Amino acid sequence: MTSYRLHDKEQTGQHLRASADALNKRLESESDRSGRAVMGQFTTPSEAASSIVEILDLTDASQYRIVDAGAGAGALMLSLVAQAIETGVTARLVIDMVERDDAALRLLDEAVGVARAAGELHGVELDLNIIDADFLDVGAWVQRPYDIAVMNPPYSKLGQHAAARTMVHRNTGVECPNLYAAFMATALIVLVDGGQLAAITPRSFANGRYFLPLRRFLAGGSAFRHVVLFDRRDRIFRSSSVLQETVIFRLDKSATPDAHGVVVETRVDHQTPAHDIHEVPQSMIVSLEDPDRFINLPGNTEVMAVAARVRSYNETLGSLGLSVSTGPVVGFRATEYLTTAEDPAAVPLIYPNNVQPEGVCWPVKRAKAQGYVRTAESARRLFPNGHYVVVKRFTSKEERRRVVAAVYEPIDGFEEVAFENHVNVIHCNREPIPRGVAEEIADYLNSDDVDVYFRMFSGNTQVNATDLRRLHVPLTAPLSREPVPGHNEGNGSLFGHEVAGW
Ligand SMILES: C[S@@+](CC[C@H](N)C(=O)[O-])C[C@H]1O[C@@H](n2cnc3c(N)ncnc32)[C@H](O)[C@@H]1O
């Protein structure tokens, strides 16, 4: 009898998940691709939805008030009900599904019918409500705070003056550069103290500069409890060809920061079980001493060991007096200055293509214009010819390493050099740095440790100047300090100050 009931529950769970996938498919076929992009309608496959709901704690209370933010065709609600049936949840589940797209609202109606029938069959008490509203406009629909929020939020950029951005800023005090951040901040304000937010989102909020207000908000009033990382970035939303690096997490509101560890698990993709699972101290994920509040997500204990080693170095590029700037020559704005390497009026122009394993090579064939015409106007974007470290700002997905660096050796016959905007350049007050220091830095940046360390906080292939500036380096200023031949020692010293505005 018992095994029959268990089998029954599993079958119902499977039926609910299959219904979710079928409803998702219908939602995606009803809206065209551009419409889906506008509404952010990239629905959650049922396996990923299960990973989101299974990290929730539904064992403590007799009732949970749950909000499904941007409910789509009901994938998260259906997975939640499946999970409740399969694990024998005894609490009453009140689930409010907030959605504002007509096609999604129609399908949600069907999803509710399927879920209600399953709940009745297995004695799970459900109170399911569809709310036709803008989730961000909390004043218009929130009646009482929630114990749980679940979401796969829409993600598109929010310009400085976007109405949604202004509204969320007014409600939460957080400047959100993207809709998914706006959904996260809003969810946290509708939760009770101790409430849980389980979500799947892009990883870009972990270190991006524009997400600092969100990170401060999160660090000030919530703590991670569980994080699911994926090795393969392109698998989850394959049906909609979304190429985002995603993360699943549970955040608890107002949890005391270091009261408990954070479970971090890594899977190849959402269809495979975890191949690594470990507990990480809260302070390792977000350090309150870090002014940027980066969110570090170490996938295994080796990553933690590397992080401990990197952090044990006392200096950072910034503390050594080195500056990191994105190359100031923006190709499409500087077309009148772009020329060939042979042009006698040109200085070398360094692109990512010039950054090669053996160092910066110039000129290279089949690349963009290799020369930059020096004029009185363009000269302010030039650096004196000397040693620098050049780091690609973007690496392709195929490239083995996130950080790819090379030393720029001064090229004979030129007084100056230009760096294009797709590279970062490490310099000292816009002056060259000593050759030995440049070599040490480039070797270090190309090391396994730096690669592992970067992946811990960066979910994309972009290497920002901020990321580099704050990186701990195994250099000590007095040891590495050497004279720079032919250059002003005062300005070129490792102890100079960063040039404002660069
Ligand atoms: C990425 S989809 C996720 C749908 C569903 N939760 C899932 O996991 O499959 C985001 C959903 O949010 C809805 N949405 C976008 N902006 C919204 C808003 N301001 N208020 C309510 N829903 C919104 C979209 O229509 C879409 O259905």
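This section describes the overall content, the two sheets, two helix contacts and the ligand surroundings of a predicted model.

The protein comprises 16 helices and 22 strands, and 46% of its 502 residues count as buried. When contacts between residues at least 6 apart in sequence are considered, 78% of them join residues at least 24 apart.

An open sheet of nine strands runs in the order S3-S2-S1-S4-S5-S7-S6-S8-S9, and its pairing is mixed. Strand S3 (126-132) and strand S9 (276-281) form the edges, each of them pairing on one side only, and from one strand to the next the twist averages 15°. At the S3 edge, S2 and S3 pair in the parallel sense over seven bridges, and Leu-93 stands opposite Leu-126 of S3 in this part of the sheet. Helix H4 packs on the sheet, where it touches strand S1 (63-69), S2, S3 and strand S4 (146-151), and the direction of the helix makes about 170° with that of S2. Since angles over 145 degrees count as roughly antiparallel, the direction of H4 is therefore roughly antiparallel to that of S2.

Helix H4 also takes part in a contact with helix H5 (residues 102-122), the two axes coming within 10 Å and crossing at roughly 5°, which means that H4 is roughly parallel to H5. On the H4 side the contact is made by Met-77, Leu-78, Val-81 and Ile-85, and on the H5 side by Ala-111, Val-114, Ala-115, Ala-118, Gly-119 and His-122. By class, this contact of H4 with H5 holds eight nonpolar and two polar residues, with no charged residues.

Helix H4 (75-87) and strand S2 (92-99) appear once again in the surroundings of the ligand, where each supplies at least two residues of the shell. There are 22 residues around the ligand, and those that come nearest are Thr-43, Thr-44, Gly-70, Gly-72 and Asn-152. The shell divides by class into ten nonpolar, eight polar and four charged residues. Helix H4 is thus described in three settings, namely the packing on the sheet, the contact with H5 and the shell around the ligand.

A further open sheet consists of five strands in the order S12-S16-S13-S20-S17, and its pairing is likewise mixed. The edge positions are taken by strand S12 (338-339) and strand S17 (382-384), each of which pairs on one side only. Within this sheet, strand S13 (residues 346-350) and strand S20 (residues 416-419) pair in the parallel sense over two bridges, and the bridge partner of Ile-350 in S20 is Phe-419.

A second helix contact involves helix H11 (residues 301-312) and helix H13 (residues 448-457), whose axes come within 9 Å and cross at roughly 105°, so that H11 is roughly perpendicular to H13. In this contact Val-303, Val-306, Ala-307, Arg-309 and Val-310 of H11 meet Asp-449, Val-452, Tyr-453 and Met-456 of H13. By class, the contact of H11 with H13 has seven nonpolar and two charged residues, and no polar ones. The two helix pairs may be set side by side: H4 and H5 are roughly parallel, whereas H11 and H13 are roughly perpendicular, and nonpolar residues number eight in the contact of H4 with H5 and seven in that of H11 with H13.

Terms used:
Residues numbered from 1 in each chain as written. Predicted model: local features only at pLDDT ≥ 70, side-chain atom pairs only at ≥ 80, totals over all residues. Near = placed C-beta within 6 Å. Helix = DSSP H or I, 4+ residues; strand = E, 2+ residues; numbered from the N terminus. Nonpolar A, V, L, I, M, F, W, Y, C, P; charged D, E, K, R; others polar. Axes fitted to C-alpha atoms, helices over the stretch in contact; angles between N-to-C directions. Parallel < 35°, antiparallel > 145°, perpendicular 65-115°, else oblique. Contact = placed C-beta atoms within 7 Å. Pairing = 2+ DSSP bridges. Buried ≥ 20, exposed ≤ 12 C-beta atoms within 10 Å, placed from the backbone.
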